[in-house]
Amino acid sequence: MRVLSSLILLVLCLSSCKEKKPQSQILHPNTPVHYDLEIIDTTLIDAFFDQHPLFLNQKDEVKNLYRSRPEHIWFDSSGKIEFAGVLYDQALNMTNDGIVVSVPYRSKFERIIYYTVEPSLSSELLLSCLYFFYTDHVLKGLDPALSTETKWFLPRQKISYSTLLDSLVANPGRLMNSQPMRFAQYYNLRTALRKYRQIAENGGWDRIDSIPKNKKINPGDSSLVINQIRARLFSEGYLLETSNSNIFDKSLEDGIAKFYEKHHRTGTVVIDRTLIEYLNIPVQERIKTITVNMERCRWISPDISAAPRVIAVNIPSFMMHVVEKGNAVFSSRVVVGKQIHETVVFSGELSYIVFSPYWNVPKSILENEIKPAIAKNPNYLAQHNMEWHNNMVRQRPGNSNSLGLVKFMFPNSNNIYLHDTPAKSLFNQDQRAFSHGCIRVEKARELAIKLMADEAGWTPEEVDLRMNAASESSYVLKKPIPVYIGYFTAWADADGLTAFYNDVYNRDERLLQMLHN
């Protein structure tokens with residue numbers, strides 16, 4: 001009788017265990033397994049997307065991926081690969097990249113990632129969708145057709161993210177430390193985003209009291225505003241320590257000077273209404289500006305950071321830099337196009353330099369400005385060292401020439417180039433959008449000296465001789481230099497300390513709307 005009871009109890013236990021066993025595809029983590037992987041049946045992919053419509057934007061990429069390689073990517077004979085977990089973790093943290101978007105079908109991914117699951121078509125395709133979902137948002141950014149709507153005509157790099165996948169599977173850490181995959185400034189802005197979000201979480205910064213438009217607070221002065229400025233600069237990192245002093249002392253002067261340098265501001269270090277208005281922009285607005293410029297960084301090839309030499313102009317900062325392997329070796333303030341004559345965001349190749357140039361007056365300026373001036377003053381051309389030439393007007397070489405004494409040519413359909421100017425006083429202004437579209441360079445002579453010394457070994461005296469000749473001459477570069485004209489309203493250093501520039505052509509808000517949509 002006792003044996004019979006034991007047998008009945010054993011049967012009941014086995015039955016109970018059978019009912020409570022997890023589904024066959026879900027096992028305990030780290031359970032030793034071995035799978036025989038089958039070829040992906042690509043005829044079933046359409047049905048998968050019928051069941052997962054939130055990934056329809058990734059459908060073409062996924063189909064092309066398995067059309068060329070119908071094997072499992074995310075599973076091997078031991079189960080899912082390491083990169084699956086890395087990818088999911090990065091996708092969950094896209095907010096660190098300024099992307100505010102939720103991962104679709106999160107419960108399904110948690111089941112795949114946090115349990116040992118058998119390879120299946122659904123799990124395989126979900127992970128591939130997640131990969132392209134991530135690369136579309138974080139690496140590729142907006143469609144090129146949309147970026148051109150923001151008047152961005154720098155060429156977008158074409159990357160095969162299917163090919164990149166092989167590299168990431170072999171080295172999952174690249175997705176977390178992927179500087180070769182993105183423009184170097186992107187990573188500085190990502191650091192800045194984290195920094196300014198932390199400032200926002202701590203309550204942001206207090207508003208500074210305004211002062212009369214023409215009032216200036218100078219070093220040595222005393223004012224309640226000074227303590228507010230001190231606290232504000234400390235919160236952002238321009239002061240390493242602060243106090244409650246209302247005296248405009250040396251430490252505050254150094255902090256404001258650092259701020260001036262970062263923002264390429266000119267003039268004496270003072271507290272004025274312009275500075276206060278700038279510092280009163282809320283931190284949330286600064287965060288938006290950072291995310292907008294991170295998106296612009298997605299449109300730039302990472303190869304630029306390692307290029308031997310490029311010339312880069314940033315329109316909102318009114319600055320030009322010669323950059324060698326990511327480091328600025330020469331800088332100059334510039335004047336760019338006014339709003340009705342916007343300087344175009346594009347790239348070219350500096351191929352020749354013209355010394356003592358003629359200025360061939362563009363037809364639009366001839367019709368709208370020169371001819372009306374001639375009608376009022378018959379001596380206008382003579383007074384401005386101009387002459388008729390082939391039914392057009394040109395200005396002869398000389399100190400009064402509108403192009404100055406040298407111009408740097410990178411032929412393009414926009415008829416934009418870098419040049420000297422006799423109107424040096426304009427460089428003393430912080431907002432320098434005054435031209436008809438071309439870029440006036442404050443240190444044009446120094447730029448010519450640097451380029452010609454490297455190119456042909458010319459001395460400064462040889463450059464000066466060419467620049468002050470009575471006739472025009474040209475030099476064709478043996479090594480053309482890439483030129484990039486960009487539009488960045490935020491630029492950060494490696495520590496996340498960020499300069500914010502005026503959105504001179506009002507483009508940030510449109511791009512922000514695109515990102516939110």
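In which sense do β12 and strand β13 pair, and over how many bridges? The legends below take up this question together with other close-up views of a predicted model.

**View 1. Strand β12 and its partners.** The pairing of β12 with strand β13, which covers residues 418–419, is antiparallel and is made over two bridges. Within this pairing, K407 stands opposite H419 in β13. Strand β8, residues 347–355, also runs antiparallel to β12, and four bridges join these two strands. One residue of β8 to look for is I353, whose bridge partner in β12 is F408. In a regular strand, the side chains alternate between the two faces of the sheet. In strand β12, residues 406–409, both faces are covered, since V406 and F408 on one side are buried and K407 and M409 on the other side are buried as well.

**View 2. Helix α14, its length and its kink.** Helix α14 is made of the 14 residues 363–376, and because a rise of 1.5 Å a residue is expected, the helix should span 20 Å; its end C-alpha atoms lie 19 Å apart, which agrees with that expectation. The helix nevertheless has a kink of about 35° at I370, and this kink lies shortly before the proline P372.

**View 3. The buried side of the story in α14.** Which residues of α14 are buried? They are I365, L366, I370 and A373. An α-helix has 3.6 residues a turn, so residues three or four places apart point the same way. What covers the buried residues of α14 includes the strands β9 (359–360), β10 (386–389) and β11 (392–395), together with α15 (380–383).

**View 4. The open sheet of β9, β11 and β10.** Three strands form an open sheet in the order β9-β11-β10, and their pairing is antiparallel. The edge strands of this sheet are β9 and β10, each of which pairs on one side only. Between β10 and β11 there are four bridges in the antiparallel sense, while β9 and β11 pair, also antiparallel, over two bridges. R394 of β11 can be found in both pairings, as the bridge partner of E387 and as the bridge partner of N360. The hairpin of β10 and β11 has two residues between the strands, and N390 there takes a positive phi near 55°.

**View 5. The surroundings of R190.** R190 has its place in helix α9. Is this residue buried or exposed? Because its relative accessibility is 18%, R190 counts as buried, the cut-off for that word being under 20%. When its neighbours within four places in sequence are left aside, R190 is in contact with N96, D97, M176, R182 and M294.

**View 6. The largest pocket.** The volume of the largest pocket is about 1,100 Å³. Its lining is made by 41 residues, and those that lie nearest the centre of the pocket are Q185, H321, V323, A328 and W491. Several elements each supply at least two residues of this lining, including the helices α9 (184–201) and α11 (250–262) and the strands β6 (319–324), β7 (327–337) and β16 (473–486).

**View 7. The largest cavity.** Rolling a probe the size of a water molecule over the atoms shows where empty space is left. A search of the whole structure finds one cavity of 30 Å³ or more, and the volume of the largest cavity is about 40 Å³. The residues that line the largest cavity are T150, K151, W152, R296, V345, Y487 and R507.

How values were computed: Residues numbered from 1 in each chain as written. Predicted model: local features only at pLDDT ≥ 70, side-chain atom pairs only at ≥ 80, totals over all residues. Heavy atoms only, no water. Expected span 1.5 Å × (residues − 1). Bend = angle between axes of the 7 residues up to and from the residue. Buried < 20%, exposed > 50% of the residue type's maximum accessible area, 1.4 Å probe, protein only. Contact = heavy atoms within 4.5 Å. Pairing = 2+ DSSP bridges. 1 Å grid on protein atoms, 1.4 Å probe; cavity = no way out; pocket = protein on both sides within 12 Å on 5 of 7 lines; lining within 4 Å. Points joined across faces, edges and corners; volume = space filled by probe spheres on them.
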